[in-house]
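Me: I'm new to this structure and would love a close look at a single part of it. Could you pick one strand and walk me through what surrounds it?

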Amino acid sequence: MRVSFLLLAGTGLALSGCVGRTSTSVKNAAVSSKKPGKSGTATQSSPPLLKPKPGAKFSKNGLAVLTWHRIAERPDQYTVTPPAKFADELAFLHEEGANVMRLEDAVRMVKAGQPLPERAVALGFDDGFKSCYTEVFPLLKRYNWPATLYIYPDWISTGAGALTWDELKEMQKSGLVDVQSHTMGHPDLVRMRPKHGMNYEQRLRHELFDSKKTIETKLGTKVTQLAYPYGFYNKHIMAETQKAGYDSAWTVNAAPFRARFGKGETWMSLPRYLIYRNTKIDRFTRYAFGKPLDVSRAYPAANSTITNPVPTISVRIDEAVDPRSVQMRLAIIQKVNAKYNPKTRVLSYTPMEELREGTWTVSISARDKKGQQKTAAWAFVIKSPDSAATLDSPNATP
Ligand SMILES: [Zn+2]
């Protein structure tokens, strides 16, 4: 089966500078011919406070700190995200107009009482895996996006899986990568035992102070943030973290970072979203942009498997939107000529040719009556009747 279908490349509604994608899930499909994002243009080692994009609206939704670990093909580990999926996730953020910010800038803005832009997102990577250099850094350069790496110095430069100090320096020099602390040796700070002749309190200080000092000495920059290993912390640890000189410390409590803190949140216990290999696009959308566009009756249903390679993809938009703003994209970057009927509120699209077997992502975006852009996204699978015959429930819905 072959795919290629009509695209509205470069017409009317702005596709804000489509970048090429590294995923192989859409072969031979025509994509809009806009240029890739500039790469390697950021040269300052300490970029100035990032201003919101011109025209960006200020949001009460706050900022989503999206956090990955390792980017690699490792189907056995849930924390490892395959490179094609990761590339899709960044492409999705780009196509949906995410305002990707340095987390440190966002912290400064909130502390200074400045509002964060709408659709604000920060990218985080825990542990210091080599894939930050091999898989993540090239994409950051391509999009010219900043990211924060939380590393634990005991592991750096110790083997093939870990980043080296030289790689960290190179990334930091680009102006795109901030390096922050993930403690010295990545223990569970709540339950760790005395080690190397240090009692608990001494070890806690070692993990907090020495990691900060080591990174600052090795890289010549100031460390202001801590990510708690495994997200474990308590009141005492928060107090010691503050004493060690951190401005902010980050958990894995799934919520947006907002000027108005949620329950239990302090500067020493701020929320982040972990992205796993099985984090699906609908959830990713909620994490990144908050409340999704209110839709129902999606066909093909979310996470279902169908055998028809030319399905009419449709969805009902359940909230009032500007009809001219409604758009559908297939396979993340391909804007398709979907028809929206404002009376029935149904948006539908039938491909001109067969879609290939595999997973297809549909994303819908529209502006609500307040002018706020909203997004909904889901994925379905196409299988040929032969291979689908072996499935237990070919039309399963979530
Ligand atoms: Zn970790």
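**A close look at strand β6**

Reply: Happy to! Both sides of β6 are covered: Ala-147, Leu-149 and Ile-151 are buried on one face, and Thr-148 and Tyr-150 are buried on the other. That makes five buried residues out of five, and β6 is mostly covered. Please keep in mind that this is a predicted model.

Let's look at the neighbours in turn, beginning with the strand that comes before. Strand β5, residues 120–127, pairs with β6 in the parallel sense, over four bridges. Between the two strands the chain passes through helix α3, residues 131–143, and this β-α-β crossover from β5 to β6 is right-handed. To find the pairing in the viewer, look for Asp-127, which stands opposite Ile-151 in β6.

Ile-151 has a partner in β7 as well, where Ser-181 stands opposite it. This brings us to the next neighbour. Strand β6, which covers residues 147–151, pairs with β7 in the parallel sense, and here there are five bridges. Another pair to look for is Ala-147 with its bridge partner in β7, Val-177. Helix α4, residues 165–173, belongs to this part too: β6, α4 and β7 form a right-handed β-α-β unit.

How enclosed is β7 itself? Five of its five residues are buried, so β7 is largely enclosed by the rest of the structure. Val-177, Val-179 and Ser-181 point one way from the strand, Asp-178 and Gln-180 point the other way, and all of them are buried.

From β7 we can step to a helix. The elements that cover the buried residues of α5 include β7 (177–181), along with β8 (225–227) and α6 (235–243). Helix α5 runs from residue 200 to residue 219, 20 residues in total, and spans 28 Å from its first C-alpha to its last, close to the 28 Å expected at 1.5 Å a residue. Even so, α5 has a kink of about 25°, centred on Asp-210.

Which residues of α5 are buried? They are Arg-203, Leu-204, Glu-207, Leu-208, Ser-211, Lys-212 and Ile-215. The spacing of these numbers is worth a moment. An α-helix has 3.6 residues a turn, so residues three or four places apart point the same way. After the helix comes Gly-220, which has a positive phi, near 70°.

Going back towards β5 and its crossover helix, there is one more residue to visit. Ile-71 lies in strand β2, residues 70–71. Leaving aside residues up to four places away in sequence, Ile-71 touches Thr-81, Pro-83, Phe-86, Ser-131, Glu-135 and Val-136. Ile-71 counts as buried because 24 other C-beta atoms lie within 10 Å, and the cut-off for that is 20 or more. The C-alpha atoms of Ile-71 and Arg-277 are 9.1 Å apart, although 206 residues separate the two along the chain.

Finally, here is the wider setting. The protein chain has eight helices and 19 strands. It holds 398 residues, of which 41% count as buried. Among its contacts with a separation of 6 or more, 69% join residues 24 or more positions apart.

Note on methods
Residues are numbered from 1 along each chain as its sequence is written. This is a predicted model: local features need pLDDT of at least 70, side-chain atom pairs count only at pLDDT 80 or more; totals for chains, interfaces and linings use all residues. The expected span of a helix is 1.5 Å times one less than its number of residues. The bend at a residue is the angle between axes fitted to the seven residues ending there and the seven starting there. A residue is buried if 20 or more other C-beta atoms lie within 10 Å of its own, exposed if 12 or fewer, and partly exposed in between; C-beta atoms are placed from the backbone. Two residues are in contact if their C-beta atoms, placed from the backbone, lie within 7 Å. Two strands pair if DSSP finds at least two bridges between them. A crossover is right-handed if, with the strands pointing away from the viewer, the path from the first strand over the helix to the second runs clockwise.
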